[in-house]
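Q: Hey, I've just opened this one and I'm new to it. Can you walk me through what's here?

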Amino acid sequence: MIHVEDIHKRFGAVQALAGVGFTARDGQATALLGPNGAGKTTLLRTLVGLLQRDRGAVSIDGIDPATDPMGARRSIGLLTDQFGLYDRLSTREYLTYFGQINSMGKAAIARRIGEVCELLDLGDILDRSTKGFSQGQRMKVAMARTLLHRPRNLLLDEPTRGLDVMSTRALRRALAALRSEGCCIILATHVMQEVTQLCDDVIVIAKGQTVAQGSPQDLCRQTGIANLEDAFVHLVGTEEGIAA
Ligand SMILES: Nc1ncnc2c1ncn2[C@@H]1O[C@H](COP(=O)(O)OP(=O)(O)OP(=O)(O)O)[C@@H](O)[C@H]1O
């Protein structure tokens with residue numbers, strides 16, 4: 001479970017987070033919705049301890065990433081837009097390296113690579129060097145790395161960006177399975193279809209603040225608007241940041 005209270009984060013003159021608070025529960029997929037520049041990526045990076053917050057409290061399964069970053073990171077899988085692949089390694093070598101960093105044994109790594117390979121359909125790129133991979137292929141390898149150590153909490157920044165239809169569907173199926181295994185999934189996205197198909201709960205942030213939290217139905221009820229996309233626009237007061 002991830003619990004966040006009143007997080008603030010400033011970059012120079014930019015107040016990126018100005019009072020974000022929410023709870024994301026185990027066994028649920030929680031959507032993080034907000035216009036461009038709302039603070040979603042900053043929030044995810046702060047949750048995993050890659051950025052130091054200026055104020056507020058964070059608990060990842062009871063651990064504060066500011067005081068125990070390694071402890072928090074063991075239970076978190078983070079996917080951002082910075083894939084950080086190593087061109088000279090094949091997908092298998094890259095995943096093996098990350099398994100070793102996470103103190104997994106040789107047999108466990110080999111077994112888990114087989115599982116994520118099947119889950120994300122990586123068969124044809126498993127033994128190719130990642131140099132020259134397409135955007136979608138890079139995304140799949142980064143997602144495999146995110147899932148490799150079986151984290152209980154998944155923080156995913158636009159995970160279907162660049163994926164084709166089949167890979168998108170495979171990833172959504174994989175996330176649904178992880179949710180039913182009890183994972184806590186936070187998914188920053190601009191794709192409303194993803195929210196309605198996959199997410200139990202929605203956090204809406206705008207200008208670095210939480211403006212609403214609830215199920216898609218709650219947000220529609222709260223705004224008196226039947227369609228989630230229109231309810232979102234109403235809540236943030238803008239037409240920015242929406243993909244069909
Ligand atoms: N390292 C940084 N230095 C300066 N400003 C930053 C930095 N990182 C983020 N910002 C600013 O903080 C604000 C929030 O950015 P962030 O990337 O968190 O938004 P986002 O909600 O993820 O946006 P998008 O939907 O466009 O990906 C923006 O105004 C951004 O320009």
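A: Sure, let's begin where two parts meet: ten residues of domain 1 are in contact with nine residues of domain 2, where contact is two C-beta atoms, placed from the backbone, within 7 Å.

Q: Which helix gives the most to the side of domain 1 that touches domain 2?
A: Helix α6, residues 165-180, with four residues. Helices here are DSSP runs of H or I with at least four residues, strands are E runs of at least two, and both are numbered from the N terminus.

Q: And what's that side made of, by class?
A: The side of domain 1 that touches domain 2 has six nonpolar, two polar and two charged residues. Ala, Val, Leu, Ile, Met, Phe, Trp, Tyr, Cys and Pro count as nonpolar, Asp, Glu, Lys and Arg as charged, and the others, Gly among them, as polar.

Q: Where do the domains run?
A: Domain 1 covers 1-75 + 152-244, and domain 2 covers 86-150. Those bounds come from an automatic or database domain assignment. Between the two centres, taken over C-alpha atoms, there are 25 Å.

Q: What kind of model is this, and how are residues numbered?
A: It's a predicted model: local features need pLDDT of at least 70 and side-chain atom pairs count only at pLDDT 80 or more, while totals for chains, interfaces and linings use all residues. Numbering starts from 1 along each chain as its sequence is written.

Q: How many helices and strands are in the protein chain?
A: The protein chain has nine helices and nine strands.

Q: New topic: which residues come nearest to the ligand?
A: Of the twelve around the ligand, Phe11, Ala16, Asn36, Thr41 and Thr42 come nearest. A residue is near if its C-beta atom, placed from the backbone, lies within 6 Å.

Q: Which element gives the most to that shell?
A: That's α1, with three residues. β2 (14-24) and α1 each supply at least two. By class, the shell has four nonpolar, seven polar and one charged residues.

Q: Let's zoom in on Thr42. Is Thr42 buried or exposed?
A: Thr42 is buried, with 23 other C-beta atoms within 10 Å. Buried takes 20 or more such atoms, exposed 12 or fewer, and partly exposed is in between, with C-beta atoms placed from the backbone. Thr42 lies in helix α1, residues 40-47.

Q: What does Thr42 touch?
A: Leaving out residues up to four places away in sequence, Thr42 touches Lys9, Ala16, Leu17 and Leu51. Thr42 and Leu17 are 25 residues apart in sequence, with 7.6 Å from C-alpha to C-alpha.
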